[in-house]
Each structure stands twice: as structure tokens, then as C-alpha cells.
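Thank you for letting me have a few minutes at the group meeting today. I would like to walk you through one structure, and I will try to go slowly enough that you can find each part on the screen as I name it.

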Amino acid sequence: MFENVFEKNVAITGIGQSEIARPSQKTAMQLTADACLQAIADAGLKRSDIDGVACWPGDNNHGDPFSPIGTTALKSALGLNVNWHGGGYEGPGPLAGVINGAMAIAAGLAKNVLVYRTITEASGRLRNRDATALTNKTTGRDSSYAWSWYTPFNVMSAINLIAMYAQRHFHEYGTTPEQFAQIALTCRHHATLNPKALFRTPMSMDDYMAARMISTPLRLFDCDVHCDASTAIILSRADIARDLPNPPIRIEAIGAALNQPWSWDQVSLTEMVTREVSDMMWNRTDFKPSDVDTAQLYDGFSILTLIWLEGLGFCKRGEGGAFIEGGARIRLGGELPLNTSGGQLSAGRTHGMGYVHEACTQLWGRAAGRQIDDCKVAVTAAGGGPLGGSVLLVRE
Amino acid sequence: MARKLPQLTPENSAFWQGGAKGELLIERCDDCQRWQHPPGPICRACGSRSVQSRPVSGRGRVYSFTINHQPWTPALAVPNAIAIVELEEQPGLRFVSNVVDCPVESIAIGMAVRVQFLQQDDVWLPLFVPAQ
């Protein structure tokens, strides 16, 4: 068991988000400034109050559209003087910035940490259609530790790996395409209620089934939608958070895991590391899955969301298909509204931090036409394959 | 089409070049007898440094697969089949490859396959074909 559940001493006190565009006319740094300044103001703080900066993955290969803005560049551009900053790709996935920022506060390195995620894959793909391809991550021969085992076999997108997870889930548990479609359909329904979502046209089961197959059994609308956007939150030490304008959203518990071995084909295809993440998170809190008012779960590809639903204990392993069948349970008004912004599938691939932003939007009652009644507890989780992380949020 | 090829290293070249002699070479621990892939400097299970690449049967089963329909690059011929093949030597000993020389509609989980190498430059890619 864990001796120091440090995260309970950290709260989210403000959020911000740039436009979500496809593409944006703004630069990556302008988008990031929009999100960060909005978050700082929302928290009732000034730039001079920010003494830490965190993000995942940070400066990624000098302007790569997957993550064009690092902490050092942002700190400089916003004129921040911080005690601690950190980014980097290695960690438990897209929520790693939140977890690292909370650790910095708990360790006494900072009081108010700005956490952000910027992505410009829409404009990146306009410049170069192969910008996001796995085969484009290295020039010449592939020397990467993981991808070099897959790219020689024409795995050019993560979908080729993740599609095999879906195929295996269908095989082991009898999950049907019609059940599975409810992830994409639910996200689209929620997107119709979110003015910032990119895809807001209502989608029927027929529309979903008629869309072209990308990599069996995953169809076009099982894939998230590239965008240009930046999302930011402010983490504050609990005693400081209590004096700020927004009701503190406590980091109630975190979970994180990396499969042994680091591998996309030897990890459990139908569970990934969601069980390890889940065990860690629920062992750090008295809350239970039944206490959760909304789940904001990674939907880079829709099968990942289904696996997270099972892994976090909202239903038994293998029963995800039945759990989401018909969609009522995971829609607004159901027992576990899922990805209420429209998720990455329909609102845009803000990549991880978008889930935290939407959770806070719901917890603070700001979600207007898609608001969940009396929303107090939200779970966010992100990652796929051998890595994953989760954050349980509770409004005080 | 020309495939993206791996950078060869002392650790991975047995896997990528064993096909020159018609052998699929996988690393095995001399002490605990476990096979492991990808290869590394020690046995990940028991910690032994006595690990060596050794030939396997080349027989296995399709653990999962996908038929890719998206032409990610203009040169990629679609549909193409990508599979995770589990080798018969050990449960969980599996890696990504391609199933070739059969209609993509005939590929199924559990299908018996055997290795067949495709040479490109100095790399012998271990692909798989139906075993019968």
C-alpha cells in the first residue's frame, strides 16, 4: 500500500483552452499563450504567481506538430520566473504533466504550477501528409526502441496496432460492431451539444457503418480528429487553492503504469495496462467506481475507451460491449456520461489534457447545454498500449 | 514497395538477418530457458547474462490481425494484412509481422502459419504464410 498519497494536497484552480481549429491561423505559441493566460486568470492568479511549469511531452523533436511547444520556450514567451519546470515524453502518457506538476507541488518545489498541452497536427498534416506517420519519426533506418520492430511490417500508424486490440476483443468476448459503434456515436451526440467541437453533424449507426474501413475492424469514425489547439490547467497547493475564487477540484488519486516489457504486441491486447493503473488509483482513495459522475477516457481510437471502461472497473473485463450497448448508459442522462465534450473522436484531438479540461468544466457547472446535474466526481484516463495514467478529480 | 528498414545493431541483427540462412533467430536464456523478444543484454525474467539467439521452428499462430485499407503512402499497396504472430515455442512469445501469400479474407485468429523470409537490402524480414 502507499504511504504518501501526496496528490490530495493538490487542487486544480483554473482552466483554459485556445480555439480548437482544423487548422488554426494562429501559431503554436499563440495558441499556447491563449490557453495559459486564460487558465491563470481563471484561477484568480497573476503570471507572477506561477512558480512551476509542467507538460507532456514537451519539446518533441523541435517543433514536431505532435508537441511543438516545450516548457523552456513557454516560460520564456510568457515571462514566467519559475522554481521548477519539466516536460518529456517518458511517463505514463498524456496525463503525465498533471501527475508531475502535482508531484512538484507536493515536494515543495512550487505552489502554483501551469500544466499545458499544445498540438498542431492539423496544420502539420497540411504541410506534410505523412507528418504523423510512425515511419516519419526517424529519417533513414528506424532506430527507435519500440517502433523499429513494427515499421518494417508496414505499420505506419498506431491504428494498425490498436486495430489488433479491437480484433482480439471481438474474438475473445464476442463484442459486436454495433455495440462497439456506441463509443463513436455517443461522442458525436455529445459533440452536437458542444459549440467548440469540430464534428457537430449528428451521426447515425448507418452513417458510422457506411464510413470507410481504415484498419479492420476500425472505421473512419473510430479515429480521433487532428486539430490545432492548446489546453492548460493550474495546479495549486491545497491551502492556497482554498483562498482562490473557484471551488478547488482536488486531485483525489492518481494511477500510472508501464507494461513490462515495453511493447505494443506483448502487452495484453484486451486490457493493456488499465488494470495496473486502476489498481493503483483505487488503492489511493476511498471512492469507488460507483461514486463517479462522469468518465473522460482516452479515445485516440474508440477501442481504447472500451478497454479503459473495463479496466477502471465500471464493468467486468470483457463485458464492455454489453455495458455500452444501445448507448443510453454512457450518454448524458445515463449513469456514466462519457466524454461529454465529444471526446477526441468528435471534439478534437487535444490529446489527454482535453479530458481534464472537460472534467473541470463539468465539475464547476460550466458545461451549459451538456451539463451533468450535481457533478462532483470525475475520472480521467489517457494512454494506450503499454502505457497509461489516470487522475480522479473531486470538487470540494 | 520499399519498406522502412530497421537500423541494425549487435543486439537485433540476429533477428533481422537470420533469414539469410533460412533461420528465425530468437533470443533465449541458457539458464532459465525462456525465450524473449525483443532481444536484450540480459534475461528479463531471471537476470542471467547468458542469453543467445537461437533458431525457432518458425511455426506459430495468428494471435490477432488487421487488414489495413488506408494508403498511408502512395506506394503502399492496400489492402495489406498486419498480424501479431505467437510462436509455438512459448505462450506470449509474439511479434508484429505480415501474413502474405493468401487472400486477406482468409486470415483469422488462430490460423496456423509458418515463417517465410523477404529480403530487402541486408534485412531478411520474417513474414508468415499459411502453414498447410
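I will talk about the sheet in chain A, then some helices, then the contact between the chains, and finally the sheet in chain B.

Before anything else, please keep in mind that this is a predicted model.

Let us begin with the sheet in chain A, which is open, has 9 strands with mixed pairing, and follows the order β3-β2-β4-β7-β1-β8-β11-β10-β9. The edge strands of this sheet are β3, residues 84–86, and β9, residues 294–297, both of chain A, and each of them pairs on one side only. If you compare neighbouring strands and ignore their direction, they are turned against each other by 25° on average. On this sheet packs helix α1 of chain A, residues 28–42, which touches β1, β4 and β7 of chain A, and whose direction makes about 30° with that of β7(A).

Now please find strand β8 of chain A, residues 249–258, which runs antiparallel to strand β1 of chain A, residues 10–17, and is joined to β1 by 2 bridges. One residue pair to look for here is Ile12(A), whose bridge partner in β8(A) is Ile249(A). Strand β8(A) is also joined to strand β11 of chain A, residues 387–395, by 9 bridges, and these two strands again run antiparallel. In that pairing, Ala257(A) stands opposite Gly388(A) in β11(A). Why can we say that β8(A) is largely enclosed by the rest of the structure? We can say so because 8 of the 10 residues of β8(A) are buried.

A similar line of reasoning applies to helix α3 of chain A, residues 96–106, where 9 of the 11 residues are buried, so that this helix too is largely enclosed by the rest of the structure. The buried residues in α3(A) include Val98(A), Ile99(A), Asn100(A) and Ile105(A). Just after α3(A) you will come to Gly108(A), which takes a positive phi of about 85°.

Let me turn to a pair of helices, α5 and α10 of chain A, the latter spanning residues 302–311, whose axes come within 9 Å and cross at roughly 55°. That angle makes α5(A) oblique to α10(A), and the crossing of the two is left-handed. Which residues meet in this place? From α5(A) they are Ile162(A), Tyr165(A), Ala166(A) and His169(A), and they meet Ile303(A), Leu304(A) and Ile307(A) in α10(A). The residues of this contact divide into 6 nonpolar, 1 polar and no charged.

Helix α5(A) also brings us to the contact between the chains, which takes 31 residues from chain A and 29 residues from chain B. On the side of chain A that touches chain B, the elements that give two or more residues are α5, residues 158–173, and β5, residues 213–215, and α5(A) gives the most, with 6 residues. The residues on this side of chain A divide into 13 nonpolar, 12 polar and 6 charged.

Finally, chain B has an open sheet of 3 strands in the order β2-β1-β3, with antiparallel pairing. Strands β2, residues 35–36, and β3, residues 51–55, stand at its edges with a single partner strand each, so one side of each is left without a neighbour in the sheet. Strand β1 of chain B, residues 25–29, pairs with β2(B) over 2 bridges, and there Arg28(B) stands opposite Trp35(B).

Key: Residues are numbered from 1 along each chain as its sequence is written. Chains are lettered from A and ligands numbered from 1 in the order in which they are written. This is a predicted model: local features need pLDDT of at least 70, side-chain atom pairs count only at pLDDT 80 or more; totals for chains, interfaces and linings use all residues. Two strands pair if DSSP finds at least two bridges between them. Helices (H or I, at least four residues) and strands (E, at least two) are DSSP runs, numbered from the N terminus. Axes are lines fitted to C-alpha atoms, for helices over the stretch in contact, and angles run from 0 to 180 degrees between N-to-C directions. Two residues are in contact if their C-beta atoms, placed from the backbone, lie within 7 Å. A residue is buried if 20 or more other C-beta atoms lie within 10 Å of its own, exposed if 12 or fewer, and partly exposed in between; C-beta atoms are placed from the backbone. Ala, Val, Leu, Ile, Met, Phe, Trp, Tyr, Cys and Pro count as nonpolar, Asp, Glu, Lys and Arg as charged, and the others, Gly among them, as polar. Angles under 35 degrees count as roughly parallel, over 145 as roughly antiparallel, 65 to 115 as roughly perpendicular and the rest as oblique. A crossing is left-handed if the near helix is turned anticlockwise from the far one by less than a right angle, and right-handed if clockwise.
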